[in-house]
Amino acid sequence: MEVLVDNQISERQYVRTITTGWRFTLPAQIRKIRGWDEGTVLRAGVAGDSLVLHEAGDQSAGMIICYLGSGGKVVIPVQIRETLQWSLGERLAIRNEPHGVVLTACCRKDRCRSCGKLRDVSEVIENLFLCSECWNRYAQTIMAKRSGG
Ligand SMILES: [Zn+2]
């Protein structure tokens, strides 16, 4: 990779949606910068709550692999979407970073505002989504305040 590549890596972020078949489109600009084309083999890894894609290189054994399809379509490997609890319709923020292409779920309404969990989440107050655990904790805090004066 030349220095030029580093200069092109900006704070720029793209948003794409996971569609039927667990596919999303890798933005053309990112494909161009990284030199990825149809048929490129990518290695998928999880870092925190993000999916990170790299070129698979020669050592692809034992790794989670996905392929770049026509038009930049990528199918998210089942292990990854289960680990990250992603679902269809999820919006992904996509950033091109030096260590790989980083995809993070964003703009999702029914994710717990407090801890980010996806299970057991409901809209407790308008536009406020909390999981039952955080909601209970919140309710207890209010109760404690009230009884404490
Ligand atoms: Zn929560």
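This briefing describes how the strands of one sheet are arranged and paired. The structure is a predicted model, in which local features need pLDDT of at least 70 and side-chain atom pairs count only at pLDDT 80 or more, while totals for chains, interfaces and linings use all residues. Residues are numbered from 1 along each chain as its sequence is written.

**The sheet as a whole**
- Six strands (DSSP runs of E, at least two residues, numbered from the N terminus) form an open sheet in the order E1-E7-E8-E4-E3-E5, with antiparallel pairing.
- Strand E1 (13–17) and strand E5 (64–67) stand at the edges, and because each has a single partner strand, one side of each is left without a neighbour in the sheet.
- From one strand to the next, the twist averages 30°, an angle between N-to-C directions of axes fitted to C-alpha atoms, on a scale from 0 to 180 degrees.

**Strands E3 and E4**
- Strand E3 (residues 41–47) runs antiparallel to strand E4 (residues 50–55), and six bridges join them; two strands count as paired if DSSP finds at least two bridges between them.
- Within this pair, alanine 44 stands opposite leucine 53 in E4.
- The two strands E3 and E4 form a hairpin with two residues between them, and glycine 48 in the turn has a positive phi of about 65°.

**Strands E4 and E8**
- E4 also pairs with strand E8 (residues 100–106), in the antiparallel sense and over four bridges.
- Valine 52 has valine 102 in E8 as its bridge partner.
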